[in-house]
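Dear colleague,

I am passing on the structure we spoke about, and I would be glad if you could look it over before reading my notes underneath.

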Amino acid sequence: MVMEVRARAPGKVILSGEHAVVHGSSAVAASIDLYTHVRLLIPPPSSSGSENDQLEIELNDMNLTFTWPISQLKQILGENHAINIFQPKPCSCEKLDLISRLVAEKKIPESKIQIGSGISAFLFLYTSIQGFKPLKAVVTSELPLGSGLGSSAAFCVSISGALIALNAQSFNEDRQKDSWLSFEKKELELVNNWAFEGEKIIHGKPSGIDNTVSTFGNMIKFKKGEITKLNSSSPIKMLVTDTKVGRNTKALVSSVSQKTFRHPLAMQSIFNAIDSLSNELAEIVEAPAGDELAIFEKEEKLKEIMGMNQGLLRCIGVSHESIETVVRITESEKSGNGKLVSKLTGAGGGGCVLTLIPTLLSDTAIHKVISELELHGFRCFMVQVGGKGLEVCYS
């Protein structure tokens, strides 16, 4: 009988602090209810050399499947490969070199070559956590790739969570089957650490924000490597608009750094202002909002912070024509408490834009805005901000 473990991990948005966080300011990030799903299918034990003696990963959204014989993995990576699930370690240069060879031989189509590093991360996490057990992973995602919504982190978190769940089941037989469950804090920290190592393979030097939000959910404030978990007192609904404009994060970060070198005092003033907005936003989301008036006032403050934040990001040069188009379209729609407000999220230069959806805004008005945005070729997602993190399910 085939055993199955499923995991799902959310994407994320940056609510405040883009770019400024690199220069010492605070940033606030939150999970969104768009998920990457992973199914691990473990065949029953069989004799060596059978057709089940393989590792397979199926990427449903890309219609791609990659398979490696377990014997090949053992031969290239070393049959005496050490496993210590409870002590996540970085992938060594030597091992990454060997894994890259295994991925390169699959001849990934040029149009999808960006997934190569993700496949490498999968092979690293699989061999580090499970060794060389035959296994099939099926991956589907609601997150657009490369748009700043944390798709790679959600991939690493869901893969790590599902792999660790295989071990967790052995000492937690009482876990309920066929329902979504959350790990205990210790297990979540273990998943987060492994996912961070996977993110390093994909991005080189990630901040750790994306995988932390995806693992634990809700919201966090991040400053100079220190992470503070936040608890939103009431649901926040947002419209995420994917401009479908690719952006070069490295180039945008470099551009901001160069401008900081040329105008240190002016840029530091902007970073300080963004820091203040991030801290104020953190206070607002945690403040109680027990009635409609309190929710209205909370949304008004959030709108003001988002508007100022977008203005400051525009000043440092990371907005884009597509982003400003979204800002104009959403501003033209009036809600029960004034115009809608939008800001870029992530690196900017394209990517995604956030629009706060007030509680009083009608469904008709929301559909009107979405229709207008889609006429411009954009893709829209209605999301809840600050929800659950990683969850697993045993079947």
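What follows is an account of some salt bridges, one helix pair and one buried residue.

Please keep in mind that this is a predicted model.

The structure holds 13 salt bridges, and one of them pairs E391 with R8, whose closest N and O atoms are 2.7 Å apart. Because E391 belongs to strand β14 (residues 391-394) and R8 to strand β1 (residues 3-16), this pair ties together parts that are 383 residues apart in sequence. E391 is buried, with a relative accessible area of 3%.

Strand β1 also supplies K12, which is 198 residues away from D210 in helix α6 (residues 209-216); the side chains of these two residues meet in a salt bridge at 3.4 Å, N to O, and both of them are buried.

A further salt bridge joins E56 and K136, with 3.8 Å between the closest N and O atoms, and it connects strand β3 (residues 54-59) to strand β5 (residues 135-141). E56 counts as buried at 15% relative accessibility, whereas K136, at 26%, is partly exposed.

Turning to the helices, α7 (residues 249-262) and α8 (residues 264-286) pack at an angle of about 125°, their axes lying 5 Å apart, which makes α7 oblique to α8. Among the residues that make the contact are V256 and F261 of α7 and M267 and F271 of α8, and the residues of this contact divide into five nonpolar, one polar and two charged.

Lastly, Q72 sits in helix α1 (residues 70-77) and is buried, at 18% relative accessibility; leaving aside residues up to four places away in sequence, Q72 touches L102 and E105.

With best regards

How values were computed:
Residues numbered from 1 in each chain as written. Predicted model: local features only at pLDDT ≥ 70, side-chain atom pairs only at ≥ 80, totals over all residues. Heavy atoms only, no water. Axes fitted to C-alpha atoms, helices over the stretch in contact; angles between N-to-C directions. Helix = DSSP H or I, 4+ residues; strand = E, 2+ residues; numbered from the N terminus. Parallel < 35°, antiparallel > 145°, perpendicular 65-115°, else oblique. Contact = heavy atoms within 4.5 Å. Nonpolar A, V, L, I, M, F, W, Y, C, P; charged D, E, K, R; others polar. Buried < 20%, exposed > 50% of the residue type's maximum accessible area, 1.4 Å probe, protein only. Salt bridge = Lys/Arg side-chain N within 4 Å of Asp/Glu carboxyl O.
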